[in-house]
Amino acid sequence: MSVPTGQASADPGELTWHAAWLPPEAFRALGSRDVLVHGGGPLVDTVLDEVTRACARYGGRVWHSPPWDVDADLVLASRDDGPVANAAAEAARLRATPAVDGVGNGSLGDEGFLLARVNGVTVVLADAPAGLLYGLFHVVRLGAAAFDDDRPARRHQPALARRMLDHWDNVAVHPVSGQIERGYAGGSIFWRDGAARRDPARLRDYGRLLAACGVNAISVNNVNVHDTEARLLTDRLDDVAEIADVLRPYGVRVHLAVTFAAPVVLGGLPTADPLDDRVRAWWVAATQRVYQRIPDFGGYLVKADSEGRPGPFTYGRDHAEGANLLADALAPHGGVVRWRAFVYNHHQDWRDRSTDRARAAHDHFTPLDGRFRDNVILQVKFGPVDFQVREPVSPVIAAMPATRVAVELQVTQEYTGQQRHVCHLGPWWAEVLRFPPWGEGGATVADVVAGDAGGGLVAVANVGDDPFWTGHPLAQANLYAFGRLAWDPRLDPGAILDEWIELTWLPTTTGDPELVRRTLHEIMDDSWRTYERYTAPLGVGFMVRPGHHYGPDVDGYEYTAWGTYHFADRDGVGVDRTRATGTGFTGQYPKPWSDVYESLERCPDELLLFFHHVPYRHVLHSGRTVIQHIYDTHFAGVEEVAAMRRRWQALAGAVAPAAYERVAERLDEQFRSAVEWRDQVNTYFFRKSGVPDAHGRRIH
Ligand code: GCV
């Protein structure tokens, strides 16, 4: 098997995409060493292939057969692979003794590995092939440091067992949502114009990127399952199997988004009622066929009774009955059903102030806690509304102790600049994952979704067929950060960004690596907060243009059926979600947050307008009034984007011209858009409130 390395090329017929975070140069340290690989099976073959290619390029040597006691610099050994490999692993272990002793006891799990360096040998031991693959990529991340000083043995195991990307890719171009719903990086890498793309080289390279950041599952089609995509479950299953075959060597399991109406639209049944025997039999048979074709198929992903999708409500059934129908069909094969909790009324009357979209998931799902089968994962968006740049953590995460819950993030930047703006989301996700739903010192969001008992972390993917994978080259870092945080939510987002920079912007691609690193940090570290500053203020959200969701439109959704988000009038702004006078949403949180959010005094500034309707002259903890905060942050946000642009310009000549130009062009657009946001938001609130800017700056 040969693995492409994704280089941009002027030569037609050559690979035409950039290498993202695994250019050949990233393997230099490893590839110039003597390496021993022990173990068998497709994933170990992948390890061997990676090592072989790196060594061919950089002058190292590889062994994959006896003698086991060869004098290698790096030993990658599987402990579970029969007596021969065990003998090899034992030799490796002995070489690393005493470092491995003690730490090496007990299982390393399906994906864990142990790394040590003793007496000039770096040793990676794993109990399962996937562990060896992740161990290999860890060594790549360490670069030359993996071969420096002795290193005490350390166990590396993922905190979250399930680390998944959902592609909202359509097989057929949809008249409204296009080839990828909320896709900002060109076409799909899986599908084009109604057909499978059959581009295994690119897919394999993608699988490699995913494995190298820790992602182990993927769904290959949009949760809004249209007619063509529905058939992936039946007569177009071969298309899915081909993708699974390519991604399998990188430990990535394929899932499918399915329509709840499949028995009707595909099976010709008169109903999709989950309690109807014919419907049950249809799902059992369809699922059997899937597993015959794809034995390690991951399972189904379902968006039901949500934004017009079919679901159990049509038949007077609840979501536990709906999810369990699919769970029963999947259970004999070890599959899971990922059932989305994104259920809300999108036919609201804006005049009715009691309807609150933020409440909906909790209202619908918490009464069902304990009724879902074990192989149901309830997939909950991280916030109660919809992937805004700032939201509180969804109360559902803390309210379903008897249900396996997964948290869903949005790597694709639908509401965070659509990959035209730099908005590095690692710091935001780290904050969400570390949030303690039951109060400081208690379990965190990451704890809820961790391990086999948890549903893990899921994100909507941001990749397309763009040469830079993600449209904006710097948006790659969001995908990388997602994978790394899903592996270990305690990682420091700044350190993750460093990893990405070191793996991606290698010395061979720049004349001045230190300048590049410093500049990327200066541009990216705080870019999420910068984006927040020049867009919707203080947690209020959704001031975007309806439909495509790009650019400002303060009242865009205010009087629509989709929900009302700021209630601004001449006196004040914000949504009253208190129990005392509002929608009662604060009551969905456990203490202390139900009290913190209820209280005008204790509510954190950044979420104030999510929970409270306040006068413009309300004074924040920061000491500023709400209206002055709006003005100040919008002026500051634009200044920050101007600084980003200047900083990037200093890299002209220091990075590859294609990447330089792409980022420069996007920063120009980000600046234009930030000015538009600033002027529309400031003008809107100046006109509503009549309160002048304390600093006398120009507001139109
Ligand atoms: C796939 C938001 C997006 C929709 C998306 C939906 C979802 O509303 O705008 O495009 O649909 O979320 O998460 O299902």
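Is Arg533 buried, partly exposed or exposed? In this predicted model, Arg533 has a relative accessible area of 21% and is therefore partly exposed, a value that lies just outside the buried class because that class is reserved for residues under 20%. The surroundings of Arg533 are taken up again below, after an account of the chain as a whole.

The secondary structure of the chain consists of 21 helices and 20 strands. The radius of gyration is 26 Å, which agrees with the value near 27 Å that a compact globule of 700 residues would have. Along its principal axes, the C-alpha trace extends over about 80 × 65 × 55 Å. Of the 700 residues, 63% count as buried, and among the contacts with a separation of 6 or more, 71% are made by residues that stand 24 or more positions apart in the sequence. The accessible surface amounts to about 24,500 Å², and carbon and sulfur atoms contribute 51% of this area. The chain carries 71 positive and 90 negative charges, whose mean positions are 2 Å apart.

The structure holds 56 salt bridges, three of which are described here. Within helix H16, which covers residues 513-524, Glu514 and Arg517 are three residues apart and are therefore separated by about one helical turn; their side chains meet in a salt bridge with an N to O distance of 3.5 Å. Both partners are partly exposed, Glu514 with a relative accessibility of 43% and Arg517 with one of 22%.

A second salt bridge links Asp526 to Arg533, with 3.5 Å between the closest N and O atoms. Asp526, at 34% relative accessibility, counts as partly exposed, as does Arg533 at 21%. In the third, Asp632 pairs with Arg697, and here the closest N and O atoms are 2.5 Å apart. Asp632 belongs to helix H20 (residues 626-649), whereas Arg697 lies in the segment after helix H21 (657-689), so that the pair ties together parts that are 65 residues apart in sequence. The two partners fall into separate accessibility classes, since Asp632 is buried at 12% and Arg697 is partly exposed at 29%.

Salt bridges with shared partners also join Arg390, Glu431, Asp526, Arg529, Glu532, Arg533 and Glu640 into one network. One of its members, Glu532, is located in helix H17, which runs over residues 527-534. With a relative accessibility of 12%, Glu532 counts as buried. When residues up to four places away in sequence are set aside, Glu532 touches Val389, Arg390 and Glu606, and Arg390 is itself one of the residues of the network.

Two buried loop residues illustrate how separate stretches of the chain are related in space. Ala358, in the loop between strand E15 (336-340) and helix H11 (360-365), has a relative accessible area of 2% and is therefore buried. Apart from its neighbours within four places in sequence, Ala358 is in contact with Pro384, Val385, Arg577, Phe585, Gln588 and Phe610. Of these partners, Phe610 lies 252 residues from Ala358 in sequence, yet the two C-alpha atoms are 9.6 Å apart in space.

Val575 occupies the loop between strand E19 (572-573) and helix H18 (593-598) and is likewise buried, with a relative accessible area of 5%. Its contacts, again leaving aside neighbours within four places, comprise Tyr565, His566, Phe567, Leu609, Phe610, Phe611, His612 and His613. Phe610 thus appears among the contacts of Ala358 as well as among those of Val575. By contrast, Val575 and Asn222, which are 353 residues apart along the chain, have C-alpha atoms separated by 32 Å.

Several features of the backbone complete the description. Lys591 and Pro592 are joined by a cis peptide bond, with omega about 5°, and Pro592 lies in the loop between E19 and H18. Asp193, although not a glycine, has a positive phi of about 50°; this residue is placed in the loop between strand E10 (191-192) and strand E11 (195-196) and, with a relative accessible area of 60%, is exposed. Glu307, also a residue other than glycine, has a positive phi near 45°. The position of Glu307 is in the loop between strand E14 (299-302) and helix H10 (319-330), where a relative accessible area of 24% makes Glu307 partly exposed.

Key: Residues are numbered from 1 along each chain as its sequence is written. This is a predicted model: local features need pLDDT of at least 70, side-chain atom pairs count only at pLDDT 80 or more; totals for chains, interfaces and linings use all residues. Side-chain values use heavy atoms; hydrogens and water are left out. Helices (H or I, at least four residues) and strands (E, at least two) are DSSP runs, numbered from the N terminus. The radius of gyration is taken over C-alpha atoms; the globule rule is 2.2 Å times the number of residues to the power 0.38. Buried means under 20% relative accessible area, exposed over 50%, partly exposed in between (1.4 Å probe, protein chains only). Contact means heavy atoms within 4.5 Å. Accessible areas come from the Shrake-Rupley method with a 1.4 Å probe; for residues, only the protein chains shown count as cover. Lys and Arg count as positive and Asp and Glu as negative; His and the chain ends are not counted. The place of a charge is taken as NZ of Lys, CZ of Arg, CG of Asp or CD of Glu. A salt bridge is a side-chain nitrogen of Lys or Arg within 4 Å of a carboxyl oxygen of Asp or Glu.
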